[in-house]
Amino acid sequence: MSDHTVELFVLKCAVIEAGLRTTLAEYDTAQSRGLSQADNEQLEPFIKQFDLANRKNAAHMSRYYEIFYLLENDIRRLIVETMESAHGAKWWDTRVPPGVLEEVRKNRDREAQAAVSVRSEDDIDYTTFGQLGDIIRANWSDFAGMLSNQSAVSRVMAALNMLRGTIAHCGVLAEDEVDRLKLAIRDWFRVLEGPKS
């Protein structure tokens with residue numbers, strides 16, 4: 001076997017490996033987006049038309065969006081379970097601050113007028129992150145036994161709400177903001193540890 005043949009073989013292997021890596025990366029991207037293979041095949045030609053820098057930023061930020069999605073919905077679940085346990089199924093009508101009730105009503109009305117699919121049957125799914133904090137603060141006696149203290153909750157919720165804006169509005173978190181997000185999430189889980197005796 002000549003050196004030329006070996007060199008050609010190595011180059012062919014490198015091309016195959018690069019193609020395989022690209023295919024696997026596209027598959028992983030589709031899986032991380034939660035897309036079926038058919039959806040990915042339909043959307044990928046459009047996605048490839050977007051600026052490469054924006055695509056890279058989107059891939060980078062998708063993890064932070066996922067974390068915030070999980071966190072925000074976990075806080076909603078905590079509120080619903082706590083309030084239903086303390087006040088029954090009708091807690092929303094009697095225990096939510098009037099300003100939050102009004103904003104939720106407006107959000108639901110806007111969606112109804114836009115003739116889009118209903119986001120949810122649950123009013124709490126129409127709240128903003130800041131309004132979740134308002135509900136907790138307005139009902140602190142129901143949360144006091146499970147969350148460390150009210151000022152810590154307020155501080156952590158305010159920090160998370162500031163970071164949420166960049167994530168929810170398609171911005172890119174600077175590295176120091178990524179660190180801040182990690183600390184705020186750790187702080188939230190510390191708050192969930194409850195009051196210290």
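T127 sits in the loop that runs between α5 (98-114) and α6. Bear in mind that everything here comes from a predicted model. Is this loop residue buried or exposed? With a relative accessibility of just 4%, T127 falls under the 20% cut-off and therefore counts as buried. Its side chain also makes a local link: the side chain of T127 reaches the backbone oxygen of I124 at 2.5 Å. Leaving aside residues up to four places away in sequence, T127 touches E72, R76, W92, V100, V104, L132 and I135.

Some of those names come back when we look at how two helices pack. Helix α3 covers residues 52-87 and helix α6 covers residues 129-138, and their axes are 11 Å apart. The angle between them is about 25 degrees. Since angles under 35 degrees get that label, α3 and α6 are therefore roughly parallel to each other. As for handedness, α3 and α6 make a left-handed crossing. Which residues make the contact? From α3 come F68, E72, I75, R76 and I79, while α6 brings F129, L132, I135 and I136. Sorted by type, the residues of this contact between α3 and α6 come out as 7 nonpolar, 2 charged and no polar. Going back to the loop residue, E72 and R76 of α3 are among the residues that T127 touches, and so are L132 and I135, which α6 puts into the helix contact.

Now for some backbone angles. Most residues other than glycine have a negative phi. A115 goes the other way: its phi is positive, near 60 degrees, and it is not a glycine. Like T127, A115 is placed in the loop between α5 and α6. In accessibility, though, A115 is at 68%, which is over the 50% cut-off, so it counts as exposed, whereas T127 is buried.

Further along, C170 is another non-glycine residue with a positive phi, about 60 degrees. Where is C170 found? It belongs to the loop between α8 (150-168) and α9 (175-191). With a relative accessible area of 75%, C170 is exposed.

That leaves the segment after α9, where K196 lies. K196 is exposed too, its relative accessible area being 63%. How far is the C-alpha atom of K196 from that of L147? The two residues are 49 residues apart along the chain, and their C-alpha atoms are separated by 9.7 Å.

Methods: Residues are numbered from 1 along each chain as its sequence is written. This is a predicted model: local features need pLDDT of at least 70, side-chain atom pairs count only at pLDDT 80 or more; totals for chains, interfaces and linings use all residues. Side-chain values use heavy atoms; hydrogens and water are left out. Axes are lines fitted to C-alpha atoms, for helices over the stretch in contact, and angles run from 0 to 180 degrees between N-to-C directions. Helices (H or I, at least four residues) and strands (E, at least two) are DSSP runs, numbered from the N terminus. Angles under 35 degrees count as roughly parallel, over 145 as roughly antiparallel, 65 to 115 as roughly perpendicular and the rest as oblique. A crossing is left-handed if the near helix is turned anticlockwise from the far one by less than a right angle, and right-handed if clockwise. Contact means heavy atoms within 4.5 Å. Ala, Val, Leu, Ile, Met, Phe, Trp, Tyr, Cys and Pro count as nonpolar, Asp, Glu, Lys and Arg as charged, and the others, Gly among them, as polar. Buried means under 20% relative accessible area, exposed over 50%, partly exposed in between (1.4 Å probe, protein chains only). A polar contact is a pair of N or O atoms within 3.5 Å; within protein, one must be able to donate a hydrogen and the other to accept it, and residues adjacent in sequence count only if both atoms are side-chain atoms.
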